[in-house]
Amino acid sequence: MALVAGVDSSTQSCKVVVRDAESGALVRQGRAAHPAGTEVDPAAWWDALRVALADAGGLDDVDAVSVAAQQHGMVCLDSRGEVVRPALLWNDTRSADAAAELVADLGGAAAWAEAVGNVPVASLTVAKLRWLAREEPAHAARTSTVCLPHDWLTWRLSGAAEIVTDRSDASGTGYWASVGGYREDLVELALGHVPALPRVLGPSSSVGRFGAGAGDNAAAALGVQAAPGDVVVSVGTSGTAFARSFSAVADATGTVNGFADAEGAHLPLVCTLNASRVLDAVAGLLGVDLDRLSDLALSAPAGAGGVVLVPYLEGERTPDRPRSTGAVHGLRLETSTPAHLARAAVEGLLCSLADAVDALRAVGTPVSRVLLIGGGARSEAVRRIAPAVFGCPVLLPDPSEYVADGAARQAAWTLTDTPTPPHWQALTATLLEATPTPSVRDRYATARDLTLNR
């Protein structure tokens, strides 16, 4: 029996799954925590990966490995391959002004969308490179190579001489286009010079027994075996809505990112900064755990009696309001209760993600069904309220580490000579249905549009 391993190096932790290459059956798994913060020394990821691998029984009997990871993180290396400074992560918003400068430098958002399928915001690597050049010129000058978290981990794990990446993660940098490859002129525009950049592997390519890897959302699409028409909504540290597509997207509004998928096609995606940690924050505010928060939310009426929570607790990426803050609207004496605030938190989070699904529809992405995944989907309140807010039935796949699963499925693909990844056992999921509550979306939209980027 051939075994494959998939790694998910996410913002909060590292997960490893070892699966049977033919059937996808889980054999063993492990995990380890990452440090908090929006700026992290990559050595912490390496330490966590080693712990998670040991927890999963190691790789001695594993035939192929692929690493998926959080996107956009800026990892700068010097000429000796040493890390220049701690990596700036996707949720670090200090590069907001740099992003705006870059948009103007190229002649506007439409020019960026046409060039690389994305418009710079604080999250994208290209904006972080401009910030580095402006704020830490000595570090910028020392930077000889720029890569992403999964590129760096694959390089360290494989011991290969060169750093490689894949299409999906490269497409989140802001200087690689799914049609055309790297735009070195945009790298120079940001950093002031062109460093070495990872070689982009094909979806089923490998270096030794190590696959190309993937960005976390593209890996999740592989993990749930998403088909065209499926929209995956992930409630993790970030909130994302994405779908596989055979057509590239160039959204001049910057709302929909024109990413590549991990199968050779495209992955239009909308990302929010605020998702499951909104629930963590409100639970902490109320002095309850997440299960109790869920119970409180379900004890309040739909619409929370008019209370609306705008969940921009860390600023926001979509809409592009990096300096915005969270807000609560509509409080009255009779609704100033833990239950109403808990309900408003769940509904606000889901309304933000419903906006993301609507944005995908607006650029022509077909939406046949919605699949709800991520740590936040473990909340009973999120599961029961989601179809009401989305206005359609929702599929809840059985719990699994879908990003790591997708990386494992990609690793299994490297062992075959087929044009598509292996089909593993069919996804098992629960159908969630509820009466739509359009008034909740309407009230949220009104409150959302009062939120300023300041």
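Two strands are taken as paired if DSSP finds at least two bridges between them. In this predicted model, strand β16 (residues 230-235) and strand β22 pair in the parallel sense, over five bridges. Within this pairing, Val232 is placed opposite Leu371 of β22. Strand β22 also pairs in the parallel sense with strand β23 (residues 394-397), here over two bridges. In that case Val370 stands opposite Val394 of β23. Between β22 and β23 the chain passes through helix α13 (residues 380-390), and the resulting β-α-β crossover is right-handed.

Strand β22 spans residues 369-373 and is mostly covered, with four of its five residues buried. Leu372 is among the residues with the most contacts inside the largest nonpolar core, together with Val233, Val346, Leu350 and Phe390. This core has 53 residues, and helix α12 (residues 338-362) gives the most to it, contributing 15 residues. When residues up to four places away in sequence are not counted, Leu372 touches Val233 and Val235 as well as Ala377, Val382 and Ala386. The remaining contacts of Leu372 on that count are Val394, Leu395, Leu396 and Pro397. A second core, separate from the largest one, has 32 residues and includes Leu3, Val18, Leu89 and Cys147.

Helix α12 also packs against helix α15 (residues 438-448): the two axes come within 10 Å and cross at roughly 90°. The two helices are therefore roughly perpendicular to each other, given that angles of 65 to 115 degrees are classed in this way. On the α12 side, the contact is made by Glu347, Gly348, Cys351, Ser352, Ala354, Asp355 and Asp358. Helix α15 takes part through Val440, Arg441, Tyr444 and Arg448.

Leu53 was examined separately. This residue lies in helix α1 (residues 42-55). Leu53 counts as buried because its relative accessibility is 10%, and the cut-off for burial is under 20%. Leaving aside neighbours within four places in sequence, Leu53 is in contact with Val16, Gly58, Leu59 and Leu157. The C-alpha atom of Leu53 is separated by 18 Å from that of Ala412, a residue 359 positions away along the chain.

Definitions and conventions:
Residues are numbered from 1 along each chain as its sequence is written. This is a predicted model: local features need pLDDT of at least 70, side-chain atom pairs count only at pLDDT 80 or more; totals for chains, interfaces and linings use all residues. Side-chain values use heavy atoms; hydrogens and water are left out. A nonpolar core is a set of buried Ala, Val, Leu, Ile, Met, Phe, Trp, Tyr and Cys residues joined through side-chain atoms within 4.5 Å. Buried means under 20% relative accessible area, exposed over 50%, partly exposed in between (1.4 Å probe, protein chains only). Contact means heavy atoms within 4.5 Å. A crossover is right-handed if, with the strands pointing away from the viewer, the path from the first strand over the helix to the second runs clockwise. Axes are lines fitted to C-alpha atoms, for helices over the stretch in contact, and angles run from 0 to 180 degrees between N-to-C directions. Angles under 35 degrees count as roughly parallel, over 145 as roughly antiparallel, 65 to 115 as roughly perpendicular and the rest as oblique.
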